[in-house]
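Visitor: I am new to this structure and would like to ask about it piece by piece. Could it be shown to me before we start?

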Amino acid sequence: MTHRTPPTGSPAVPEAAGHLLRQMLRVRRLEEQCVELYSAARIRGFLHVYIGEEAVAAGVMSALGPEDAVVATYREHGHALLRGVSAGVILAEMYGHVQGCCRGRGGSMHLFDAATHFYGGNAIVAGGLPLAVGMALADRMAGRARVTACFFGEGAAAEGEFHESLNLAALWRLPVLFCCENNLYAMGTALARSQSQTDLALKAAAYELPAWSVDGMDVLAVEESARRAVDAVRAGGGPHFLELRTYRFRAHSMFDPERYRDKAEVARWTERDPILSLRRSLEATGRFSEDDWNALDREVAAEMEAAVRFAEAGAPEPLDDLQRFVYSER
Amino acid sequence: MERGKLVEWLVTPGDYVRRGDVMATVDTEKTVMEVESFEDGVIAELLAAPGETLAVGAPMARITPTPATVTATPVTAPAGIPVAQAEVEAEREHTTPSPGAGTPSATPPVRRLARGLGLDLTRITGTGRGGHVTRADVERAAARQRHDAGSVRPVRISPRARRLAGELGIDATTVAGTGPRGAVTGEDVLRAAREKEPADVDDRPGAPRGPGPVTAPAPAPPDTGQRATALRRRIGTLMSRSKKTIPHYYLGTTIDLQAAVAWMHAVNAQRSVSARLVPAALLLKACALAARQVPEVNGFYTEARFRPSQAVHLGVAVALREGGLVAPAIHDADTLTVDQLMERLRDVVTRARTGHLRRAEIADPTLTVTALGELGVDTVYGVIYPPQVALVGFGRVRERPWAQDGMLAVRQSVTATLSADHRVSDGLRGGCFLDLVDEMLQRPEDL
Amino acid sequence: MNEHEARAAVYAATSQVAPDVETQGLDDRSRLRQDLELDSLDFLALVEHLARHAGVDVPEGDYGRVGTVASLIAYVAEHA
Amino acid sequence: METTYREAMRTAIREALLQDDRVFLMGEDVGAYGGCFAVSLGLFEEFGPERVRDTPLSESAFVGAGIGAALNGMRPIVEIMTVNFSLLALDQIVNNAATLLHMSGGQFNVPLVIRMTTGAGRQLGAQHSHSLEGWFAHVPGLRILTPATVEDARGMLWTALEDPDPVLIFEHGSLYNLSGELAEDAGPVDIHAAAVRREGGDVSLITYGGTLPLTLEAADRLAAEGIEAEVLDLRTLRPLDDAAILATVVKTHRAVVVDEGWRSGSLSAEISARITESAFYELDAPVARVCSAEVPIPYARDLELAALPSAERVVAAAREAVGGGG
């Protein structure tokens with residue numbers, strides 16, 4: 001069942017590739033904005049950015065349909081944005097404003113959005129997996145052809161909930177797409193320093209589910225493998241597992257001094273920047289110019305500027321509402 | 001006043017305070033008072049939290065002296081007679097003489113232990129170096145006290161019983177307890193109250209008539225009512241003590257106020273409303289001056305002897321609109337001009353009614369004057385505020401028929417009375433005082 | 001000042017000096033000292049308030065004319 | 001009609017499965033085995049493996065799956081074999097079920113019911129006997145129920161399923177065989193109010209769940225001595241029915257809290273604190289507590305009994321509170 005290499009698909013269609021480039025750039029610019037706003041103390045708490053890993057969210061999200069559900073981690077700004085939550089609403093949430101997607105109650109690590117079936121924003125490593133299994137169970141019992149995509153890092157593979165959830169999903173053949181974002185470090189602990197079996201697809205395959213390793217820096221490869229997996233899951237093929245090999249260019253969080261990895265290692269991975277790579281290969285086709293890039297960049301920058309203005313204009317929820325949403329309002 | 005509730009801290013640790021700075025407010029049942037610092041220094045530690053009820057003299061905060069000052073002293077809860085309580089930082093103990101000559105040295109934990117056991121450190125003989133009181137000394141003293149107390153058992157009173165006793169005017173310590181380990185319960189208090197005043201107490205339908213279930217008491221009265229009740233209780237206790245311990249004698253005389261009132265009218269006619277005088281200002285000034293000449297009415301009777309006061313701090317009885325009265329001091333009244341005195345009178349009365357008196361104003365009066373007569377009566381026979389030794393009463397200032405030089409005239413006059421402590425003075429000296437008051441009121445311009 | 005304004009001014013002054021007195025439904029015949037229990041200092045404050053806010057100076061010689069709520073209102077109406 | 005607590009609970013589950021397609025039961029050995037405590041006996045045969053779903057031994061996954069299914073439109077009843085095992089799912093209960101509504105700014109509620117057995121008394125040793133419901137009652141976002149009578153066993157489940165938020169039902173193991181009279185038409189009951197199980201004016205005995213029967217027994221013995229105890233069954237540990245607690249204390253002026261949890265940092269501590277906060281000036285005696293000894297519950301019969309609250313201990317505490325104690 002285990003494919004040791006990603007399935008090779010048809011060559012990239014330029015329009016689709018242009019879309020993916022744009023999506024990755026939106027995530028990149030949003031998070032650069034976040035870092036800047038964090039430094040300016042407009043955003044507080046923990047802030048984990050996804051810079052370097054954009055190909056994973058962009059590729060998987062474009063393979064999902066609008067009714068599918070997404071369960072993500074605390075490094076989920078990009079996932080939320082690409083699922084359709086606006087940048088302004090995301091930033092407003094980080095500002096702690098009532099205009100945020102969770103009225104400022106969640107913050108950076110807990111973005112949720114019912115309209116786009118975006119189920120967070122889960123900050124307990126592996127804690128989202130059982131949730132995704134349950135979502136899929138409900139879909140199966142109700143006869144809905146929906147897929148639940150569940151993102152988690154490679155660190156989750158050391159948690160019991162990872163194993164319990166893969167087992168349960170495979171046992172009951174539930175429509176879950178497990179997306180393991182393997183960026184090689186669980187905070188500061190390298191994969192090899194924390195797990196006896198570092199081949200995560202192999203580990204997942206032990207639960208008798210299709211598990212593929214994919215180059216997570218190549219958005220076209222991610223999109224292609226995700227599309228195949230989603231189709232298979234939707235068709236009743238049971239849960240699938242993608243190990244998406246990627247790298248985080250920035251520190252784990254704004255508090256991380258990065259003592260655990262070499263600058264040289266970071267530099268090596270930065271050369272494989274998924275945005276730069278796709279831009280270069282598109283330019284090589286001759287159908288994408290520097291002007292096209294500049295226009296795209298300006299457009300995305302304008303979107304983010306508007307988002308910041310939206311967030312800035314918001315306000316925190318009145319303190320009198322503190323006790324709301326502990327129990328449902330009936 | 002025996003205890004007060006800390007309402008608010010106005011300082012935080014690290015604040016620099018000067019002597020006289022207001023540091024906290026304390027609710028004493030009577031009024032909300034401001035607590036001042038008596039030291040210059042830095043607030044090292046707050047020892048009490050808002051809402052806490054503190055015994056008089058209990059340390060509230062620790063003030064560390066700045067290099068410029070010499071001693072460190074705690075701010076204590078306001079007291080009628082301030083209790084010297086030092087809580088000096090340990091490292092200073094050995095180098096700095098303790099404040100107050102009679103206070104022996106001891107480390108803070110030992111002081112705390114002594115306080116917790118209710119022992120007076122000044123009565124403990126220190127066996128440590130340089131007369132230092134040690135933990136063992138305190139423990140020995142405590143054992144001795146227990147032995148001396150013999151079989152006397154502390155009275156246990158339940159919270160409900162304490163509340164009911166207060167509401168019903170019962171001394172709960174005299175009620176036999178039937179609760180856990182002999183504690184006085186609410187039922188015990190209700191029973192005692194029924195026995196005392198069968199017709200008066202708890203006549204509500206469904207009220208307990210004997211052993212058996214007890215209905216819930218009526219809802220608590222609103223806040224002002226509670227304060228008034230507490231104040232009434234407090235006044236009751238104080239006045240009972242006064243009547244029980246002070247042998248009062250009473251003198252009275254009617255004073256011609258024609259000259260004083262005429263002078264006041266003349267002065268007032270020149271002034272805006274806000275600068276006008278009232279007769280009470282003149283009466284107070286006359287009393288203050290007279291008290292200087294008759295020291296037997298001005299001071300405190302404590303520990304079986306009279307301690308006359310050099311200064312004349314006149315307590316002014318102020319009726320509170322919700323009931324009850326307080327008598328805050330106008331300090332050094334004898335040294336103030338009439339105008340100054342008038343200003344202080346208005347200020348202190350306003351603050352008394354809004355509940356913002358300062359600690360010293362409650363604690364310091366050396367002689368109290370009441371002008372209750374303003375509201376109608378001709379003569380006031382007052383009860384002395386212990387530990388003071390006299391109280392001056394003025395009735396209504398009004399026109400009365402007055403015989404003088406064989407002629408009958410109508411003149412402004414007032415009846416002045418003196419209630420005084422026979423342990424300190426007798427009628428002759430009391431009469432002297434009233435005569436002096438009279439005499440001074442005849443020359444108002446000299447007041 | 002008409003009677004209505006004078007009444008308002010007297011009520012305002014009374015509420016200031018004796019916040020516990022309900023001016024609504026206050027009997028005009030109430031005596032300031034005996035019924036409302038205003039002592040001389042209260043009375044002075046009342047007069048002061050009227051001077052400041054209603055511009056009516058009640059000289060000491062007229063104190064005897066304003067012993068009740070009604071007479072005070074009339075006095076203020078007349079002198080303002 | 002005479003029934004047992006176990007049968008009443010089973011009837012409630014069966015009724016829920018019949019009435020609402022979204023309801024399903026999930027847990028370890030709830031199906032083919034018939035439930036560890038035989039609560040779901042026969043339901044697997046009647047409703048099939050989809051709706052009476054045996055799970056692997058993976059508490060975190062199946063509790064989390066219950067949360068996910070609830071988020072996605074179902075009304076799951078998740079059974080955890082004992083409260084000790086629920087600790088393996090504590091992450092899902094505390095970090096997800098209790099927080100999602102709030103974290104999402106009101107977007108995602110979790111209409112989930114989790115049932116579990118709690119309590120000691122059956123010589124099951126330290127890993128199957130603890131009473132940890134007080135821990136869960138600490139957590140905002142959860143509702144904690146402790147049915148102690150056959151009526152509540154019959155009636156609380158449906159009301160809990162109708163609640164839009166997570167509800168945890170704690171069934172004391174010693175109650176399953178409790179039998180009692182149940183009206184033929186017994187149905188759903190409220191899950192917010194405490195209930196006075198016995199009226200009295202001398203002392204309030206405040207308890208819940210497994211200690212209700214021994215507390216009622218204590219009240220009977222006290223009555224024989226002339227002490228009329230009022231017994232308050234809390235029924236819901238979160239949110240607590242403060243009004244009912246206050247009312248009984250205002251009536252009797254004395255309270256004894258009976259709680260099988262350990263005393264330190266416990267629900268009994270919470271109740272005692274609330275009484276002193278809101279009814280201090282009504283008290284004629286210190287609030288007393290009868291709790292489990294501070295030991296892991298031992299196996300040996302005598303030791304176990306010595307560790308647990310008993311009617312004797314409740315009687316003694318009540319006597320002390322009214323002043324008749326030795």
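The questions and answers below go from one chain to the contacts, the cores and a single residue.

Guide: This is a predicted model, in which local features need pLDDT of at least 70 and side-chain atom pairs count only at pLDDT 80 or more, while totals for chains, interfaces and linings use all residues. Residues are numbered from 1 along each chain as its sequence is written, and chains are lettered from A and ligands numbered from 1 in the order in which they are written.

Visitor: What share of chain A do buried residues make up?

Guide: A residue is buried if 20 or more other C-beta atoms, placed from the backbone, lie within 10 Å of its own, exposed if 12 or fewer, and partly exposed in between. Chain A has 330 residues. The buried share of chain A is 54%.

Visitor: How many helices and strands does chain A have?

Guide: Helices (H or I, at least four residues) and strands (E, at least two) are DSSP runs, numbered from the N terminus. For chain A, the secondary structure comes to 12 helices and eight strands.

Visitor: Which helix gives the most to the side of chain D that touches chain A?

Guide: Two residues are in contact if their C-beta atoms, placed from the backbone, lie within 7 Å. The contact takes 33 residues from chain D and 36 residues from chain A. On the side of chain D, α3 (59-71), α5 (90-97) and α6 (100-103) each supply at least two residues. With 10 residues, the one that gives the most is α3(D).

Visitor: How many residues of chain B are in contact with chain C?

Guide: Chain C brings 15 residues to this contact. On the chain B side, the number is 17.

Visitor: Which helix gives the most to the largest nonpolar core?

Guide: A nonpolar core is a set of buried Ala, Val, Leu, Ile, Met, Phe, Trp, Tyr and Cys residues joined through C-beta atoms within 7 Å. The largest has 203 residues, and Val133(A) and Ala318(D) are among those that touch the most other members. Nine residues of this core come from its top contributor, helix α5 (residues 128-142) of chain A.

Visitor: How many residues does the second, separate core have?

Guide: This core includes Val35(B), Leu277(B), Phe394(B) and Leu44(C). Its size is 97 residues.

Visitor: Does Arg181(B) count as buried or exposed?

Guide: Arg181(B) is found in the loop between α4 (159-168) and α5 (186-196) of chain B. Because Arg181(B) has 11 C-beta neighbours inside 10 Å, it counts as exposed.
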